[in-house]
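This report describes a single protein chain, moving from selected residues to the chain as a whole. The sequence and the model are shown below.

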Amino acid sequence: ELREVLSRFDGCALAKTATNLVFGDGSGEARVVLVGEAPGSEEDRRGLPFVGPSGQLLDRMLASIGLPRGDVFISNTVFWRPPGNRSPSSGEVAVCMPFLERIIELIDPLILVALGGPAANALLGRGESIGKLRGRWFTYQTPRLARPVATTALFHPAYLLRTPGQKRLAWRDLLALRHKLDDLAG
Ligand code: URA
């Protein structure tokens, strides 16, 4: 239903230039929700998040800690591709945020993961760089969530493709994510 509402929503100008709505992908029962920044061209073409090159790396990252893509839920701070792959504006992110919040509330995950600095700042509002935010745990809360959600940030897979030397830290962060999930899931 939320996807349906969003497909009819005309409050975000990005929808006019995009081919498809990119609502999200995965399980409604997911214990982990991941949030990227914005759909790229492949995502726009297929209407699914993280299906281009960075999506393939993300799938491998998740598989390495025993989390198949179908077990998590993946979305973005905006639901349509910004033209020319520019960064979404703060206004575009703000207009989409209530929908992202609702996705998180409906799934009510154990863990929320921001992929990259822009998503981390949209969710956590701390105004710190990804280098400072990764490897730490925060909480995400909305009035409608029964309890705060443990939240962390990972380097964006597109950044890891450009900067493979950071994969060492990303691997450490993935292991911490696995341990946190095991702790919380009991
Ligand atoms: N990068 C993102 O941040 N999101 C996607 O869906 C794809 C690439």
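In this predicted model, Pro-82 has a relative accessible area of 1%, and because buried means under 20% relative accessible area, Pro-82 counts as buried. Its place is the loop that runs between β3 (73-76) and α5 (90-107). When neighbours within four places in sequence are left aside, the contacts of Pro-82 are Leu-14, Ala-38, Pro-39 and Pro-88. For one of these partners, Pro-39, the C-alpha to C-alpha distance from Pro-82 is 7.6 Å, although 43 residues separate the two in sequence.

The loop between β3 and α5 also holds Asn-85. Asn-85 is not a glycine, yet its phi is positive, at about 60 degrees. With a relative accessibility of 44%, Asn-85 is partly exposed. Phe-50 likewise has a positive phi without being a glycine, here of about 50 degrees. Phe-50 sits in the loop between α3 (41-46) and α4 (53-64), and at 5% relative accessibility it is buried.

Asp-25 belongs to strand β1, which covers residues 25-26. Its relative accessible area is 24%, and Asp-25 is therefore classed as partly exposed. Beyond its neighbours within four places in sequence, Asp-25 is in contact with Leu-48, Pro-49, Arg-69, Val-72, Phe-73 and Ile-74. Ser-87 lies 62 residues from Asp-25 in sequence, and the C-alpha atoms of the two are 21 Å apart in space.

The accessibility values of the residues treated in this report are collected here.

| Residue | Relative accessible area | Class |
|---|---|---|
| Pro-82 | 1% | buried |
| Cys-12 | 3% | buried |
| Cys-96 | 0% | buried |
| Phe-50 | 5% | buried |
| Asn-85 | 44% | partly exposed |
| Asp-25 | 24% | partly exposed |

How many disulfides does a search of the whole structure find? The search finds 0. The cysteine sulfur closest to that of Cys-12 is in Cys-96, at 4.1 Å, which is too far for a bond. The converse also holds: for Cys-96, the closest cysteine sulfur is that of Cys-12, again at 4.1 Å. A disulfide requires a pair of cysteine sulfur atoms within 2.5 Å, so the separation of 4.1 Å rules out a bond between Cys-12 and Cys-96. Both side chains belong to buried residues, Cys-12 at 3% relative accessible area and Cys-96 at 0%.

Turning to the chain as a whole, the secondary structure comprises 9 helices and 6 strands. The radius of gyration is 15 Å, close to the 16 Å that the globule rule gives for 186 residues, so the chain is as compact as a globular protein of that length. Along the principal axes, the C-alpha atoms fill a box of roughly 40 × 40 × 30 Å.

Of the 186 residues, 48% are buried. Among contacts with a separation of 6 or more, 73% join residues that are 24 or more positions apart. The contact of Pro-82 with Pro-39, at 43 residues apart in sequence, illustrates such a pairing.

The chain exposes about 8,800 Å², of which carbon and sulfur atoms supply 50%. The protein chain carries 23 positive and 19 negative charges, and the mean positions of these two sets are 6 Å apart.

Definitions and conventions. Residues numbered from 1 in each chain as written. Predicted model: local features only at pLDDT ≥ 70, side-chain atom pairs only at ≥ 80, totals over all residues. Heavy atoms only, no water. Helix = DSSP H or I, 4+ residues; strand = E, 2+ residues; numbered from the N terminus. Rg over C-alpha atoms; globule rule 2.2 N^0.38 Å. Buried < 20%, exposed > 50% of the residue type's maximum accessible area, 1.4 Å probe, protein only. Contact = heavy atoms within 4.5 Å. Areas by Shrake-Rupley, 256 points an atom, 1.4 Å probe, with all protein chains shown as cover. Lys, Arg positive; Asp, Glu negative; His and termini not counted. Charge placed at Lys NZ, Arg CZ, Asp CG, Glu CD.
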